[in-house]
Structures are given as structure tokens and as C-alpha cells.
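Me: Please take a close look at one helix pair in this structure. Then work outward from it and tell me what surrounds it and what the other chain adds.

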Amino acid sequence: MGQVASSIIQKLRAMVEDKDWRPIKAKRKAITALLPYALQEERDGQPEMFDTFIQAVRASKDRDFTWHWIRQYASSIPHETSPRAILLILPCIRWGRLTAREDLIQRWAVAASEVRCTEEVAQSVVNTLLQIASQEELIPYIPADAWSWLAKRPSLPPICRGRDVGTRGHVVRAVRALKDIEALKSYFLLVWSEWNYFLSKTCEYETVITPAETYLPPIDMSCPPPEPVRPPQMQFPSSSDRGSCHSPRYGHDIR
Amino acid sequence: MLTRSQAGLFSAVTSAFIIEVHSHLQPDPNDESAALLRVLIHKIDNTTFGNDPPTLPQWTGPPQTIVHVQAILLASLAASLLSAFLAMLGKQWLNRYVSTDMRGTAIERSQNRQRKLDGVVTWYFDYVMESLPLMLQAALLLLGCALTRYLWGINITVASVVLSVTLFGITFYGSIIVAGAVSETCPYQTPGARLLHHISLTVATIVHKLFTFVPQKLRSLARSSIYCDLFDEFWSSLEQPWYSPKNIFACFLFVCYVPVALILDGFLGPVMLLITFGRMTSDLGYRWYHRFIAPPKMHGPDQKTVALDVRCVSWMLQTSLDKAVHLSTMKHLATMVTLADFDPTLISGCFDVFVGCIKVDVSSYNVAILQGLEQLAVVSAVCFLRTFHQLSVTNPDSSVLKDVRKRYNNVFPLETDFRGLPFYYTITKIHALANQSWNPRYIRWGDYTPSTQEYISFTRSVAEVAQVVYRRTQYQKIPRWTLRFALHSLSLDPIPPTSAIADCLSIIAIDLGCEVSSTGFTMLDERCVHI
């Protein structure tokens, strides 16, 4: 078994190093079937297969990489699974048809609070956060602490399901409802960094942001306007040119 | 032995005639003496013979008839002697074949024996041995022909009797050849009958292909023409007869278009031909590349050894009636890593052993295991499912499969109740396979909770199916349900046995195209099938 497993790992590594996403995508079902075994190995202190699995998922450039049959397993990930594994694996799974999602959110939040923050972990947490938030009925179950991960502003990968589904109207409303201007600012910066007009839900995003008075819940405007922030990677216009992030025209100007 | 004694008898009979005829091949001294006496008498009294004085005869060689007869008789004798010689050699060959090796383990001796059996098949030993009676029959025919020809010159009446008997023999032999070729159940089977049957089948296949291929080709050629397409389209669009006022002008224009269409046909024809040729070449090159140049290494031990083992198992199941032998053979079969391309008759062997352990109550459709055969019933069920499942996937149209299904349904009616059996999941799967109602694509694996040993054997068979299909699809893919099964098995809590996990990983490895050495499967060999 050890030899078979190591052979699989070598094969996956070779596929990842080839930098060709098509073979990986073509074998997504077989790679997905590896996940339970990879998690088990990771629990036993052998994270090679799990790490290779995550690398393969990222190299596939596919937002819906995992096979849908994994959802039954994902809904009941063993409790012995390490927090890091939970945090890294949950963004790879579509939340739409999972069962026992509330419990899973709790476990995810606990795992996020336990693990040391790194760029990889922050990416996954924010990605998952946005995916969870995209399911409107799950927003009440997201702990308030979890939203604070937005402020860490990890650089989301170019193809990221969280960014795509996280631009829905109710997500924006949910972030605004936090009444945390820093979180709102970070949210916009995150979802707009490397934003692809054609891949994102542009129209919905636009309508949500533009007629703010119509769609958005009232915001306490008494809070002080935020300091203009310019992230190092992004080429945002200055606040003097564009106005504050409260401006309903902000989205259009960026585009 | 019989052939040798028959050959000796034939040789003796033929030799007697040869000796008889041989005297005619040289000048007869009695005739010469009589001629000399006639000359002497003529010298003494020249009136004895009248105006016809005797002369000394001049030997001009034997008559042509005698030469022919003698040649045929000698050919008959040679055939008989050759037959006896080959029969003697055959006796030696068979002695060597039945000799038992006293060295090595039982498996090695079995493999050696199987090798000898394979050699017998490969070198057409049976054909050689069957040629001995043929040679004797040919010798008999030659003897009959020679006798007829010889006696025809002496006395036609006597020759007619021999000719009649010879003709009767030829007609009878021809009739049994035809009868044997026409009907496989005819007891008068001869090598000639099989040859005739084979030739007639080949001829019928060629004729059938000719009569189907040529019209199809003609039709496809006609369809590939642009003009024909346009004409079909145009003709089907006419709602009224072509000569109606509404259509007559359109028809006139269409006829004018004929030369244009023909020119287009002429131009596009070679281009399409080149494209088609290019596609065919690239496809062929791709297939050859993957088949001969870059085939991934397949899993498991040497295929030849596996095939040899499987044939050994099959032979033992077919020839032995001992239940203990059956049990050990079945256990060996259950623990084999792979079955490779096994002989379909293996299924029949497994089925026979399995049915021998089971008793079905016809009135209540209950199944019970015969006392003392519980172990054998379990193992044979596992082996039967394994072989049945694999053949159902690899060759669903196999005649053996149909036969086994028919026999199975005779033993186990559709309403059979399998509850309470220790191999419930195995037998229900067999039942579904036999009734062709088992479709793994729609199985909810969550509901599949067999015993450990059933799970192990089923996982093994799934891995085999994946491997076989992967090879059959030119190393492209495996059935999706096998991956789903692997995913389900790896997700189980508590985790399945180690060998089942290894098999599931093998399924995934096969789909990923991994090169796994045979040592990776050592554990599979050693996995325990606690029965």
C-alpha cells in the first residue's frame, strides 16, 4: 500500500509540476477519491499526500474541482482531522448541497481560531468565508470573529470560487451590516483585486452597489469616514479622485 | 496401442497382395520354359503347330496395370507402416506427458503439468494423434482401389464385388463427414467433419461480409456526394409533385445546378479524401503509440504466470470431485491478485462447485447450505461472483455467460430468498448479475454493508474490473462507479481492512496512470481471506 500511495503522490507531483491543468482536471474524480485517505494520512502525521492533493487542486485552475460525491464525506469530516486540514479542504468543496452545514461552520470557525495565521491559511479561511456567506441562509451561523479574517486581506488566487460567489448582493449587505468599515473596506479590496469582469457576477454586483438607497440596509453614517487605503499590489485611484468607499459610483469607476 | 495393432494388421494384408502382384513385375520363368519346349517340339515335328511356328517371347517389361496396382499397394503399405511408427512415438509422448514430477511444491508441479498441457495444445498434439487413424483409413482406401484395378484385368465380376464394397465404404465415410459437419451432436465425428465445418463457416462468413459490405459501401459513397445530399433535401422539401406549377421552375433550376454540383464534388472529393486519410493515419498512430510504444506498466505479477495459475485452477475444478481439493483450489482462486484474461469455463467450474454446496427448497424458495460444506459454499460464492462479475464487464456477450445465467436461473428462481446466508451480499449480487438487473452506476454504496471477507473480495473484483477496462480503453479511463466505490470505501468509518484500502488506492492509481511495481501488491497477495 505504501508503494501504491507513494506512486500516486509522485504522479500527482509530476502532474502539478508539468504546469498543465488539463490532465489534472481530467483526473479530478480520481484525485477527489484520494481525499479521505489523504486526510487519514495527515491525521497520522504524514501530510505528503494531503499537501499534494491541495497543490493539485490549486493547479487545476478549476473552481469546482472536487467531485460532487465528496460532499457526503465533507459533511462529516472526522473529528480527529487537524484544523489546518479542515481549513485547507473546505474551500475546495461546494457548500450548496452539503448537509449539516451549521455544524461544519462551527468546526471551521473553531479550526480557524486554533491555527496559526499564515498566508495559505488566511487565503483558505477567507475563501471559505465568502463561500459560506454566499449561501444566504448560512450567514447567521457565521461567528462574528470569522469576519475579522477579512481584515487580513490575503491575496486570493486568480481563480477563486469565494471571490466569484462572494460578490452576491446579500454578502455585501451582510458585510455592511457588520457596521465595521474596516471589514467592508477589506472585503471590497479582496473581491476586487484581480477581479475578472467576465467571470464574476458583474451585473448583480453592480446593481447591489449602485442604487445603495434602494437595495442596501441603512448604514450609520455617523461613523467616521475611513482613511484612504492603498494596498501595495493594487492600482486603486486615490480617494480624492474617486471619493470615499461609500460612493455608489465607486464600482463603476473601478471598472 | 489399438492404432499400432490395426496398422500391423493392415500391413500384413497389404503385404500378401504385394507379394502376389510382385511376381508380375518380372519375367515368368515358367512361360519361358514352355516357349522353349514349344520350339523343341517344332524342331522335331514341324507339323504340330501348323503354319504358326512358335517363337521365343521377348520381355518388354511389366504391364502398366500391374505397375499402377503395385504402386498403389506399396503406398498403402507405407501409410500403414508410418501410422504404426507414429503410434509408437505417440505412446512415448504420452508416457512423458503422464509422468509425474516428484520435485517441487504442489503449485510448481501443477504449473509444470499445466505447461505440458499448454504445450500439447500449442503444438497441436491432438491433431497429430488424430492423423493416425486418417492414415490407416487412407491405406484402406488405397488397398481397395488397387484390388479393384488388379481384379478388373482378371475378372470383371469379381472386381465388381470389390468395387461395390469400396464405393459403399467411401460413400458411408463421406456421409458421416457431412453429418458431423452439419450437426455438432452427431456422434460420428471425425477430423474431416471438423475441417468441413470450419471451412463452411469461413466461406459463409466471407459471403455474408461481401453481401453486407459492398451495398453499405455503395450507399456511403452515394451519401458522400454533395449532389445527392442536395437532391435528397430538395426532393423532401417538395410538398407537391415536381411537375406542379409551383415546383416546376424550382426543378428546372435544380437541374441546371447539376453541373455545378458535380464540379464541386470533383473538387471537394480529393480534399475530403485527404482529410479522412489524415485523420485515420493520426488515429492509427495514436493507438499504436499507446499500445506498443508507451503502454503504462500494468499492475500485479507476470500475466503469463497468472494465466497459468488460472488454467490450473480451472482444470482442477473440472476434473476433481473431491470437496477438499475444491476448497483448497477455491481458496487459492480467491486470494489470487488478478485473474488476467481467464478462460470463461472457469465460471462454470465455480458455479458447479457452488451449486454442489447449496440446496434450494422449491416450494418455499429457501436456500440452505449442505452440512459440512459451509466453508466451501462461502469461498465458491466469492469466487463465482468474482469471475462472473469480471466476465460480465469484459465480455458481456460471452456464450459461457449466457449458459451460466440460464443454469443459474434454473437452480435459483427469481423469488429465491437468500436471507440468513452467511454470504448474503455476495449471493444477492450474483442474483442481480444473473438476472442482469445489477447496474453499479446506480448503487448507493452507503447501503452496502457486507461482511469483511465479502468486502475484501468485492473490492478485489472491482479493482480487477478497473484494470481490465483501463486496458481495454487504451489506457484512458476506468468506470466511474469504481472510483465512486473507492471514494466510498476510503470514507468509511471505521476504515475497511487494509487490503480493501490497498485495492481502492490501486483503483485510483490505475486511473491516474501510475506505474506501480508488483511489489506494491505484495500485501494483496498476503491479504487474509478468513473463511
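**A helix pair and its surroundings**

Reply: The crossing between α12(B) and α13(B) is left-handed (the near helix is turned anticlockwise from the far one by less than a right angle; clockwise would be right-handed). Helices here are DSSP runs of H or I with at least four residues, strands are runs of E with at least two, and both are numbered from the N terminus. This is a predicted model, in which local features need pLDDT of at least 70 and side-chain atom pairs count only at pLDDT 80 or more, while totals for chains, interfaces and linings use all residues. Residues are numbered from 1 along each chain as its sequence is written, and chains are lettered from A and ligands numbered from 1 in the order in which they are written.

Now the geometry. α12(B) spans residues 345–356 and α13(B) spans residues 374–394. Their axes come within 8 Å and cross at roughly 150°. That angle makes the two helices roughly antiparallel. (Axes are lines fitted to C-alpha atoms, for helices over the stretch in contact, with angles from 0 to 180 degrees between N-to-C directions. Under 35 degrees counts as roughly parallel, over 145 as roughly antiparallel, 65 to 115 as roughly perpendicular, and the rest as oblique.)

Which residues meet? From α12(B) come Leu346(B), Ile347(B), Cys350(B), Phe351(B), Val353(B) and Phe354(B). From α13(B) come Leu376(B), Ala377(B), Ser380(B), Ala381(B), Cys383(B), Phe384(B), Thr387(B), Phe388(B) and Leu391(B). Contact means that C-beta atoms, placed from the backbone, lie within 7 Å. By class, this contact has 13 nonpolar residues, two polar and no charged. (Ala, Val, Leu, Ile, Met, Phe, Trp, Tyr, Cys and Pro are nonpolar; Asp, Glu, Lys and Arg are charged; the others, Gly among them, are polar.)

Follow α13(B) onward to α15(B), residues 424–434. Its buried residues are Thr426(B), Ile427(B), Lys429(B), Ile430(B), Leu433(B) and Ala434(B). (Buried means 20 or more other C-beta atoms within 10 Å of a residue's own, exposed means 12 or fewer, and partly exposed lies in between; C-beta atoms are placed from the backbone.) These residues cover an arc of only 160° around the axis, so they sit on the same side of α15(B). The arc is that of the directions from the helix axis to the C-beta atoms. The cover over these residues includes α13, α14 (399–411) and α16 (452–472) of chain B. Just after α15(B), Gln436(B) takes a positive phi of about 55°.

α16 of chain B also holds Arg472(B). Arg472(B) counts as exposed, with 12 C-beta neighbours inside 10 Å. Its C-alpha atom is 8.4 Å from that of Thr394(B), although the two residues are 78 apart along the chain.

Next, the side of chain B that faces the partner. Here 25 residues of chain B are in contact with 19 residues of chain A. α17 (480–491) and α18 (498–512) of chain B each supply at least two residues of that side. The largest share, nine residues, comes from α18(B). The side as a whole has 13 nonpolar, seven polar and five charged residues.

Across that boundary lies α4(A), residues 35–43. Seven of its nine residues are buried, so it is largely enclosed by the rest of the structure. The buried ones are Leu35(A), Pro36(A), Tyr37(A), Ala38(A), Leu39(A), Gln40(A) and Glu42(A). What covers them includes α17 and α18 of chain B, together with α3 (28–33), α5, α6 (71–75) and α7 (83–89) of chain A. Gly45(A) follows α4(A), with a positive phi near 85°.

α5(A) has a crossing of its own. α1(A), residues 2–17, and α5(A), residues 48–59, have axes that come within 9 Å and cross at roughly 30°. They are therefore roughly parallel. This crossing is left-handed. α1(A) contributes Ala5(A), Ile9(A), Leu12(A), Arg13(A), Met15(A) and Val16(A). α5(A) contributes Glu48(A), Met49(A), Thr52(A), Gln55(A), Ala56(A) and Ala59(A). The contact has eight nonpolar, two polar and two charged residues.

Chain A as a whole has 17 helices and zero strands. Buried residues make up 37% of its 255 residues.

Terms used: Two residues are in contact if their C-beta atoms, placed from the backbone, lie within 7 Å.
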